[in-house]
Amino acid sequence: MNTTEEQHYQQTVGETVGKRARARVIVERREGDSVFVLDEEQPSGEVLEVACNVTGVNAEFRATVESLWEGCRLNLLDVAVTGDGRLVPGLVILEPDFLLDISALAECVKEYGTHPLYYLKDAFRHGENRAPLLLGNAVNLFFDEICRERDVPVDDDECMERIFRAAPLDFATCEGIDGAFFQEMKTQFRNLRRVAGGELQARGIYRERGLIEPAFICERLGIQGRLDFLQADPPVVIELKSGNAPYPASNHAAVKPNHRVQALLYQIVMQEALGLPFDKLSTYILYSRYTAPGSNLRPVPPVMAEIREILDVRNRIVAAEREIAMDGTGAASRVYLDRVRPAELITDWSSRRFIERYIVPSIDEFRRPLTGASALEREYFHAFHAFVARERFLARVGCPGDEACRGVAAAWRDSLDEKQERGEILVDLEIARDDSTRAAAPSLTLRVPPRDEERCPPNFREGDVVMFYERNAATDNVTTRQVFRGSIERLSPGEIVIRPRAAQRAPSPFRRQSRYAVEHDAFDSSGSACRGLYLFLQANKERRDLLLDQRAPSVDTSRVLTRHHGNAGIDDLVLKAKQAADYFILVGPPGTGKTSIALKAMVEEFRADNLDVLLLSYTNRAVDEICETLEQLDGRPPYVRVGPELPCAAAYRHRLLEKIIAPCKKRKEIRDAIDAHHLFVATTTAIAGKTTLFLLKHFHVAIIDEASQILEPQVIGILSAKDHQGNNAIDKFILVGDHKQLPAIVMQSRQESAAPGELPARAGVIDRRDSLFERLHRLYKHDPRVVASLDKQGRMHPEISRFPAREFYGDRLTIVPVPHQQEGPPVDFPRRDDGNPLERLVATRRLLFFPSRADTGKQNRDEAAIVAAVVAAYRALCGKNHLRVVPHAGGEGETSIGVITPYRNQIALIRQEINKTGDADDVTIDTVERFQGSQRDMIIYSCCVNDPRQLELLSNTVEEEGIVIDRKLNVAITRARKQLFITGNPGILSRSPVHARLIAFIREQGGFIEPFFLQ
């Protein structure tokens, strides 16, 4: 502060008698320039006064203070305590658990004005394929390659080839990619080579000391980000930019406002997260497009006033996000988006000619889909935007009072004991093997120490996205250490192999003398959902009318089958799917072969007509099953799997898009390779992030499996996409699912998700948690031309299927029958030990219920022991009867075991118990959500309900035609082919009417068994 400001401070605030680095508080009320709060971290019940709008201290947060609401949380940083007990913070951070990305926040600062609405605008256009963005990504990869090089310099042509292979679809479809673009890439590569060869070292920056793309989570400031380059000693941050520096080019010290703000934010993050004071940290913007010496590396000195201003913008963004999220009607979305106009966003018109020529048209272009939409389309858009915003808000900060919805913030808000209690963290890991500097598929192998048996077993799976960091002290966590991100490649009791997102420079940044922690990372899909809603507004009118039921789906009865598909029932539904001109809904109850039979038959029919087919599903596991089906087609036609490598089963990785187009060196070769394939398969998430595919490939039909599990915003953009000619990228779509099985996972309640306004009456949108499948099925379920249902299941033995068929499908679900369904009620294990009561039960019964005692939390030791004992008895029987237990039974002499339970804690505990008497590797143990679409010969369902309140999580009910259907229970008990064993606390379970009827049904069959073998 200057002298005037100090005098004003003394007059308005008074004498400072103490300091606090931080106070996390909850707002009670605001009165003028004072905010009254309760201390959350040091609760005393005393209401504290916070002095705001103090010139030279925190006046930049005036807009933040005006946006506060009762119950919101604040981080107060650099706090002075006055003689009368008032708090005077230097920084005020609103809802710090809601992390904003630093790059996105910096883009709110332009040469022509700063405004938080840029963040909202950019969220709808995130991921667009534009030449400047593609050049920026390429240049960043160049810099990474140059930083990673060792004795042999990186060749620019080889490097450009690697860049091309890293984003082939983007290069093949982006407009503005020509010879000049590639020449610019080469120029910037050479500029980076020149800077790296001399200027960096001249400033005390050494590539061999640098970390590539290190990430930081700063809860104190409510932001997170990933740097391009960080040198630890002496501390240096470099952010690379491939675009223009400010005019004139001769001013080698000038930095664009958004770039400057990004550098300032990284400076304050380094100070708050790592304790690096400003005077110890050098920060540079590296402009790679300039060739003049001294023009590339430009220092950015810290200015606290500017940092406070951009953090106020951050707070205003969070307040807007929260207002949109909490307004279920979509009215707030409408208000905020209506403000995205030049008159509001542009506050500095000094470069009027430039602004009117380039900036105003770009803002108007963004507004055009909104202003050109019908009233119903806008209502749909805003209502679902509010729904998506609320999901995003809850996913980050958690649901108040809901233990199951802790949000991303649990990573720093929960203690180590709490995380270990849930099995959500691995600590004290040591490096066993470090291959992190390997350019292709880098990996880090960590030794997992023996676990304390009193702790919950860890809840990690292969393929999980994780973050890991050095943890050498109790205070080390994701907010105080550099964070690395990656995926679990392999997992065993003593070892975990992680594939980091970015390969590192040798020597590796991972120190062998350190210990490490691993936690789950979060994947935010809200961005693709927002973009999908925006794509809906840009869809062709006839497609928008179809999706909002403003026109009925049409059929073409002149189309006929080209071949027979096994039986009359399958032929009939394939013919209906073929005759549908717009869409077709196929309901596939459990075991009816919706993927292995119906989807396969439809693909065969469309192949016979030489149509291009896109096959989608919600989970990678379901996509693997589609791939398995495609491998069984006559002639095994080639197909393309779109998506990352690790989540894809090893058997299908040679079908990955990146593998197929790896030999391509030119854009035309990529187009030709894609044009040569007629079958494409992916998750909806992968395609939503790769809509550029539609610029290369027009699909005659898309078949979406598991469609009842996919929220409308997650699929609407795919169905709205256009091809390169502006036509619908997908001519028609087929939705395959079952609304009586698992719905989409949503954190909002039915009341919060109810559709507002005209949507229920005019478009059939009743509950925004419903899938598009459910909405269209509800609208046309009585039209046999558009909706069909499979009714013969070939999975469950009749003794198992009798209950779900009666309770959930009105006795309309019958058996095929296949051979195992024709076997008698007793299971036939002729060789058994009848002196062993449990072995005799497992050898002879198909349906059993083992009662358990209630435990605590999300694990039940009784049930884990019961499961392990049943598995051991089943293994013993298999050994005596020459059966081999395998993960997926499919051959003669093979059988399979699956265990379903609602919590990861219980999964880990069951795995631990099974490992005591055998090997759990050949037993599939998972949640009901991840079991949908799968089956096993023998299923054990551990309900793990220890408290009546957990019944709500165990069940998911829906009413149809007066029948209450528990969708989770339906899925759990219909995974079994030959035997189904259930264990749970009958007293608690019976409080659920459906579970009570199930227990009564099993009791009537004589299958209610006391766990005498555990006594």
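This report describes helix packing, aromatic contacts and selected loop residues in a predicted model.

## Helix packing

Two packed helices are described by the angle between their axes and the distance between the axes. Three helix pairs are set out below in these terms.

| Helix pair | Angle between axes | Distance between axes |
|---|---|---|
| α4 (residues 117–125) and α17 (residues 526–537) | about 80 degrees | 6 Å |
| α14 (residues 375–397) and α25 (residues 712–720) | about 135 degrees | 11 Å |
| α11 (residues 331–338) and α14 | roughly 105 degrees | within 8 Å |

Helix α4 packs against α17 at an angle of about 80 degrees. Angles of 65 to 115 degrees count as roughly perpendicular, and α4 is therefore roughly perpendicular to α17. On the α4 side the contact is made by Ala123, Phe124 and Arg125, and on the α17 side by Gly527, Cys530, Arg531 and Tyr534. By class, the residues of this contact comprise 4 nonpolar, 1 polar and 2 charged.

Helix α4 is largely enclosed by the rest of the structure, because 7 of its 9 residues are buried. The buried residues of α4 are Leu117, Tyr118, Tyr119, Leu120, Lys121, Phe124 and Arg125. Phe124 and Arg125 also take part in the contact with α17.

Helix α14 takes part in two of the packings in the table, one with α25 and one with α11. The axes of α11 and α14 cross at roughly 105 degrees, which means that α11 is roughly perpendicular to α14. In this contact, Ser333, Arg334 and Leu337 of α11 meet Arg378, Glu379, Phe381, His382 and His385 of α14. The contact of α11 with α14 contains 2 nonpolar, 3 polar and 3 charged residues.

With α25, helix α14 packs at an angle of about 135 degrees, and the two helices are therefore oblique to each other. Here Tyr380, Phe384 and Val388 of α14 meet Glu712, Pro713 and Ile716 of α25. The contact of α14 with α25 has 5 nonpolar residues, no polar residues and 1 charged residue. The residues that α14 contributes are spaced four places apart, at positions 380, 384 and 388. An α-helix has 3.6 residues a turn, so residues three or four places apart point the same way.

## Aromatic contacts

The model contains 29 aromatic pairs. In one of them, the rings of tyrosine 583 and phenylalanine 733 have centres 5.4 Å apart and planes at 20 degrees, so the pair is stacked. Tyrosine 583 belongs to strand β22 (residues 583–587) and phenylalanine 733 to strand β27 (residues 730–737), so this pair ties together parts that are 150 residues apart in sequence. Tyrosine 583 counts as buried because its relative accessibility is 2%. Phenylalanine 733 is likewise buried, with a relative accessible area of 0%.

Tyrosine 583 also pairs with tyrosine 780; their ring centres are 6.3 Å apart and their planes stand at 70 degrees, so this pair is edge-to-face. Tyrosine 780 lies in helix α28 (residues 772–780), so its pairing with tyrosine 583 of strand β22 ties together parts that are 197 residues apart in sequence. Tyrosine 583 and tyrosine 780 are both buried.

One aromatic cluster is formed by Phe124, Phe366, Phe381 and Tyr534. Within this cluster, Phe124 and Tyr534 are also residues of the contact between α4 and α17, while Phe381 is a residue of α14 that meets α11.

Charged side chains are also found over aromatic rings. The charged end of lysine 110 sits over the ring of tyrosine 118, 5.2 Å from the ring centre. The charged end of arginine 396 sits over the ring of phenylalanine 98, 4.5 Å from the ring centre.

## Selected loop residues

Threonine 691 is placed in the loop between α24 (684–688) and β26 (699–704). Its relative accessibility is 18%, so threonine 691 counts as buried. Beyond its neighbours within four places in sequence, threonine 691 is in contact with Arg531 and Leu535. Arg531 is also one of the α17 residues that contact α4.

Proline 826 and asparagine 836 are both in the loop between β30 and α30. Proline 826 is exposed, with a relative accessible area of 54%, whereas asparagine 836 counts as partly exposed at 30% relative accessibility. Apart from neighbours within four places in sequence, proline 826 is in contact with Thr844 and Arg846. The C-alpha atoms of proline 826 and glycine 210 are 67 Å apart, with these positions 616 residues apart in sequence.

Notes:
Residues are numbered from 1 along each chain as its sequence is written. Side-chain values use heavy atoms; hydrogens and water are left out. Axes are lines fitted to C-alpha atoms, for helices over the stretch in contact, and angles run from 0 to 180 degrees between N-to-C directions. Angles under 35 degrees count as roughly parallel, over 145 as roughly antiparallel, 65 to 115 as roughly perpendicular and the rest as oblique. Contact means heavy atoms within 4.5 Å. Ala, Val, Leu, Ile, Met, Phe, Trp, Tyr, Cys and Pro count as nonpolar, Asp, Glu, Lys and Arg as charged, and the others, Gly among them, as polar. Rings of Phe, Tyr and Trp (its six-membered ring) pair if their centres lie within 6.5 Å; planes under 30 degrees apart count as stacked, over 60 as edge-to-face and the rest as tilted. Buried means under 20% relative accessible area, exposed over 50%, partly exposed in between (1.4 Å probe, protein chains only). A charge sits over a ring if NZ of Lys or CZ of Arg is within 6 Å of the ring centre and within 35 degrees of the ring normal.
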